[in-house]
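Colleague: I have just opened this one and would like a guided tour, if you have a few minutes.
Modeller: Gladly, here it is on the screen.

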Amino acid sequence: MTVAELQKRLAENILIFDGGFGTELYRRNFFVNTSYDDLNLSSPEVVTAIHQSYVEAGAEVLTANTYNANAVSLQQFGIADRTQKINHAAVANARKAAAGHPEILIAGSVGPGGSERKKAIAEQVQYLISGGADFIIFESISKLEELETALAAIRDERIAVVISFVLSPEAVLSDNTSWNEVLARLSSAEIPPAAVGLNCGNGPETTLAALEKIIHQTPYPMIVQPGSGVPKSVDNRFMQMTTPEYFTTYCMRYLNLGARGLGGCCGITPEHIADMVRSLKPLAAGAAKDIPVIEVKAGDELPPVPLEQKSSFGAKLAQGKFLRLIELTPPKGFDLSATVEKAKICAAAGIDAINIPDGPRASCRISQIITAIEIQEKGGIETVVHCCARDRNLISLQSMILGCMAKKLQNILFITGDPPKLGDYPFSSGVFDVDAIGMVKLQSRLNRGIDAGGQLLGNGVQTAIVAGVGADPNAIDMAREYRRLDEKIAAGAEYIITQPVFDPPTLLKFIREVRKKHDIPIIAGVWPFASYRNALFMKNEVPGVVVPDWIMAAMENAGDKEAQKREGIRIARKILDEITPEINGVATSAPFGNVNTALSLLFN
């Protein structure tokens with residue numbers, strides 16, 4: 001596989017690598033006094049079985065069991081004479097596991113080595129190439145000397161090479177070589193790598209810290225394969241924190257930063273990879289899709305209904321009125337009477353609309369559409385219905401939008417949605433036919449009387465939906481967040497609702513940056529904490545939410561639960577007062593369904 005071929009594969013879609021190999025061998029009772037590389041010859045069925053477990057998990061790259069299969073390392077076991085056979089057998093074992101899956105690539109793994117292993121590593125690379133590896137990956141490079149050894153071993157520009165590094169959270173090698181020095185050396189190499197990576201390290205969190213610092217200055221595709229890290233001390237007990245769900249959450253962050261390859265290293269098992277694949281592969285695929293361009297006959301397309309004529313909410317947006325929204329989560333059962341009563345209280349207080357999330361945190365609740373119908377028809381207040389891409393293909397999305405129009409649910413907030421594994425149903429499949437950008441494009445067509453296939457809705461028939469989108473002022477990669485927001489607005493978004501923000505300077509910076517290019521209403525998410533425990537949950541468990549330390553300290557020191565509740569409202573009011581001059585409205589929640597807490601914030 002050439003450099004261009006591997007880079008094309010990485011560019012087309014996220015490429016899934018496998019996880020740790022030594023960990024799996026150890027789990028099968030091969031202890032550390034054994035040459036794990038020699039098991040390619042002595043126990044090929046075990047090696048192949050491990051590869052097969054990664055194939056079943058969804059890996060698209062199998063890493064040959066050759067991390068220490070160089071003559072210097074093998075001589076410690078007195079088997080240096082088997083070096084070629086071991087490398088050839090390792091590739092063959094991986095290839096056997098991939099039988100029937102022509103899309104799976106075999107990477108020849110080469111561990112780090114200094115100048116004393118320069119000749120042995122160069123020799124190993126040639127054995128891996130002659131054995132049939134698709135590309136070579138140099139792993140766990142932690143010193144400049146090891147990088148020099150790897151570069152010296154690259155002699156054939158016809159086969160792609162990946163060089164993967166172990167960096168500190170400050171993005172330096174163990175010998176204090178900076179990432180800028182690494183990039184300078186790579187750029188001067190006679191044969192540069194096809195991609196670079198991060199692997200091993202002290203776990204997903206420290207890998208994320210390093211990735212944040214290097215990805216925007218790195219001209220190569222990035223592959224991220226964290227190890228499980230060292231156990232953490234919790235109440236004087238040491239616990240391994242890298243569960244499959246924890247690993248998946250961090251992989252989503254790597255993906256959002258721009259990583260093109262994802263996998264794991266020491267301690268990451270097939271269960272981790274399967275979890276990640278199930279959650280992130282559909283999400284990545286949806287982001288890569290787009291609504292196809294369809295030729296429409298001249299005169300068929302209708303002019304969209306003006307914003308002020310679509311709904312009462314749309315009219316208020318068009319008139320520049322300050323809007324107040326309260327989020328009510330649909331119940332897990334099917335009795336909506338309590339939800340409707342809460343909506344009536346909000347209507348009487350002067351709330352402009354009720355926000356209704358769509359399967360928040362990938363949980364199962366009564367349909368947000370049914371909830372919205374009940375609220376509008378019995379509660380006397382307009383709704384903003386959330387629609388996420390996770391659960392619906394293009395046909396279902398259009399049906400939902402047409403149904404909303406039929407029942408006068410004319411305000412929709414389009415969001416991509418949480419992957420299923422982050423919720424209560426880990427084995428559910430995410431659809432992600434399109435992401436939020438694609439959904440807004442679809443809505444823009446329907447508002448002009450044309451469906452996704454270019455068909456007319458009917459003679460003079462069109463939807464009149466007010467299309468909104470979400471935005472995250474706390475995003476890990478703000479450049480990506482601004483770029484995607486530009487695309488959402490170009491697609492037809494008419495307003496923005498932000499994720500909850502608890503740090504006013506962060507939100508104000510975001511608003512001012514958006515205002516440089518777009519004149520669009522921005523409704524800020526400001527949520528009052530009900531308790532210190534509620535604040536802890538938001539800080540640690542809700543993606544995209546950042547809670548400053550000063551708020552955590554204030555909530556913790558507030559006193560009993562009632563005092564904590566009052567402190568939560570006070571903090572939210574303080575935030576709202578600071579940002580009100582620069583926003584077009586506020587969207588808050590009713591903590592644990594208590595609308596009076598939300599009203600206390602909005603009408604102090």
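Modeller: We can go through the open and closed spaces, then the cores, then a few helices, strands and loops.

Colleague: Before that, what kind of model is it, and what went into the values?
Modeller: This is a predicted model, so local features need pLDDT of at least 70 and side-chain atom pairs count only at pLDDT 80 or more, while totals for chains, interfaces and linings use all residues. Residues are numbered from 1 along each chain as its sequence is written, and side-chain values use heavy atoms, with hydrogens and water left out.

Colleague: How many cavities are there of 30 Å³ or more?
Modeller: Two turn up in a search of the whole structure. On a 1 Å grid over the protein atoms alone, a cavity is a set of points where a 1.4 Å probe fits but cannot get out, and lining residues have an atom within 4 Å of a point. Grid points are joined across faces, edges and corners, and a volume is the space filled by probe spheres set on the points.

Colleague: What lines the largest cavity?
Modeller: The lining is made of Phe165, Val166, Leu167, Leu198, Asn199, Cys200, Gly201, Thr207 and Ala210, around a volume of about 40 Å³. The elements that give two or more residues to this lining are β6 and α10 (204-214), and β6 has the largest share, with three residues. Helices (H or I, at least four residues) and strands (E, at least two) are DSSP runs, numbered from the N terminus.

Colleague: And by class, what is in that lining?
Modeller: The lining of the largest cavity has six nonpolar, three polar and no charged residues. Here Ala, Val, Leu, Ile, Met, Phe, Trp, Tyr, Cys and Pro count as nonpolar, Asp, Glu, Lys and Arg as charged, and the others, Gly among them, as polar.

Colleague: What about the second largest cavity, what is its volume?
Modeller: About 30 Å³. Helix α7 (residues 118-131) gives the largest share of its lining, three residues, and the lining as a whole divides into six nonpolar, one polar and two charged residues.

Colleague: Switching to open spaces, which residues lie nearest the centre of the second largest pocket?
Modeller: Phe21, Gly22, Tyr36, Tyr67 and Asn68 do, out of 33 lining residues. A pocket is an open set of grid points with protein on both sides within 12 Å along at least five of seven lines, and this one holds about 640 Å³ of space. Its lining has eleven nonpolar, 17 polar and five charged residues, and α2 provides the largest share, four residues.

Colleague: Phe165 came up at the cavity; what does Phe165 touch?
Modeller: Not counting residues up to four places away in sequence, Phe165 touches Ile141, Leu147, Leu173, Trp179, Val182, Val196, Gly197, Leu198 and Asn199, where contact means heavy atoms within 4.5 Å. Phe165 is also one of the residues that touch the most other members of the largest nonpolar core, which has 74 residues. Helix α11 (residues 244-257) supplies the largest share of this core, eight residues. A nonpolar core is a set of buried Ala, Val, Leu, Ile, Met, Phe, Trp, Tyr and Cys residues joined through side-chain atoms within 4.5 Å.

Colleague: Which residues does the second, separate core include?
Modeller: That core of 70 residues includes Cys346, Phe414, Val434 and Leu442.

Colleague: Leu442 is in α18, then; why is that helix largely enclosed by the rest of the structure?
Modeller: Helix α18 (residues 436-446) is largely enclosed because ten of its eleven residues are buried. Buried means under 20% relative accessible area, exposed over 50%, and partly exposed in between, with a 1.4 Å probe and protein chains only. What covers the buried residues of α18 includes β13 (383-388), α17 (394-406) and α19 (478-491).

Colleague: How does β6 pair with β5?
Modeller: The two run parallel and are joined by four bridges, with two strands counted as paired if DSSP finds at least two bridges between them. Val162 stands opposite Ala195 in β6, and five of the six residues of β6 are buried.

Colleague: Last, the loops: is Asn176 buried or exposed?
Modeller: Asn176 counts as exposed, at 62% relative accessibility. Asn176 lies in the loop between β5 (161-165) and α9 (179-187), and has a positive phi of about 70 degrees although it is not a glycine.
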